Amino acid sequence: MAAPSLSTPLTTRAPLLRLLRRRRGLALSAAPPRLPVCSAPPRHRRSALFLGLGGAGGRHRSGLVSRTMSASIYSTKVDAESAMTTNGRDMELLPFVNDKHEGVIIEMTTPMDPQVFSASLKSLLSKWREQGKRGVWIKLPISLANLIQSAVEEGFWYHHAEETYLMLAYWLPNTPHTLPVNATHRVGVGAFVMNDKREVLVVQEKSGVLKGSGIWKFPTGVVEPGEDINIGVVREVKEETGVDAEFVEVLAFRQSHKAYFEKSDLFFVCILRPHSFDITKQESEIEDAQWMPVEEFAAQPFVQKHELVKYILEVGLAKTDKEYAGFSPISIKSAFSEKQSLFYMNRRDLEKASGPIINTQKDS
């Protein structure tokens, strides 16, 4: 019989082997199964993944997942094995891909005994350390929360969590880690909407610090994941007031820190052009909504005291009455992928300085 692995304590190898053999339907006296020898190279079983990008489900085979994950410029396909052998004994392999930063990403999708998971993880970390790998990521769905303790005991720390999964991280080299931190900012939007009667669209909130204060404010909200600023602000106005409006420009933005759950906050002030005027307030969040003469809105003590609201009013009127130029979006494409993004800029002054902007993509 081959000697037990040095990476697994002698006291735990026997129970672990019994567990593995029971899961394979083998008698305790049976020889451990061997992988078939193939002359052809193994197929790619997993494609790219980076920091929580999911993929389509697949079938389960020998305790492993055989599926294709969402492609990403940050990682590459690897040849996945169906098992690894430690001193002649088979051990279940964790599903992983190599990323383009000399790191590894493990995405767990099927249940695994914590002892088996711990032993497999320990062996792989030793192997990856010898190979010069750097960062190791583990994506655990909430259904596999029982594996968290095993990962933490191996030295992994919490990186970030979403509704359906937790991401843990580990740094293999004996140096300060250079892994990217979790998302640091929340993105908010505020809308300056004025009709031809010089009335601004305002609301009173049903909850929060302004609840019951009688203070009128501009519609505001938070941009949803994957949503562009110009789309998010139009949606927020529609949800809170029922008014259909067209995005014109980003007028200004504010950055603040130590806001919600110690995160920083980016707040974009946008000007919109109304296309409808009947108001239907959002019952769950808005106490009242109306079109208010701009002079009446400006006369509120709250506006005079609160500098952010005061400046929103000033830049909104400057855009409407004067020559203030904000930032309008242009759709651009990255050299690294086909994905489109929006570049916000002062188009008017740029065209004055360098001539008409050549843009083959349709503006959003």
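## Helix α2

The buried residues of α2 (buried meaning under 20% relative accessible area with a 1.4 Å probe, protein chains only) are Val-116, Phe-117, Ser-118, Ala-119, Ser-120, Leu-121, Ser-123, Leu-124, Leu-125 and Trp-128. This is a predicted model, in which local features need pLDDT of at least 70, side-chain atom pairs count only at pLDDT 80 or more, and totals for chains, interfaces and linings use all residues. Residues are numbered from 1 along each chain as its sequence is written, and side-chain values use heavy atoms, with hydrogens and water left out.

Helix α2 covers residues 114-130, and its 17 residues should span 24 Å at 1.5 Å a residue, the expected span being 1.5 Å times one less than the number of residues. The end C-alpha atoms are 24 Å apart, which agrees. At the N-terminal end, Asp-113 acts as a cap, with a side-chain oxygen 2.8 Å from the backbone nitrogen of Gln-115. Just after α2, Gly-132 has a positive phi of about 80 degrees.

## Helix α8

Asn-346 caps the N-terminal end of α8 (residues 347-354), placing a side-chain oxygen 3.3 Å from the backbone nitrogen of Arg-348. Gly-355 follows α8 and has a positive phi, near 95 degrees.

## An exposed proline

Pro-225 lies in the loop between β15 (220-222) and α4 (229-241). Its relative accessible area is 85%, so Pro-225 counts as exposed, a term for values over 50%. Between Pro-225 and Arg-186, the C-alpha distance is 9.9 Å, at a sequence separation of 39 residues.

## The whole chain

Of the 364 residues of the protein chain, 43% count as buried.

Conventions: Helix = DSSP H or I, 4+ residues; strand = E, 2+ residues; numbered from the N terminus. Polar contact = N/O pair within 3.5 Å; in protein donor to acceptor, adjacent residues only side chain to side chain.
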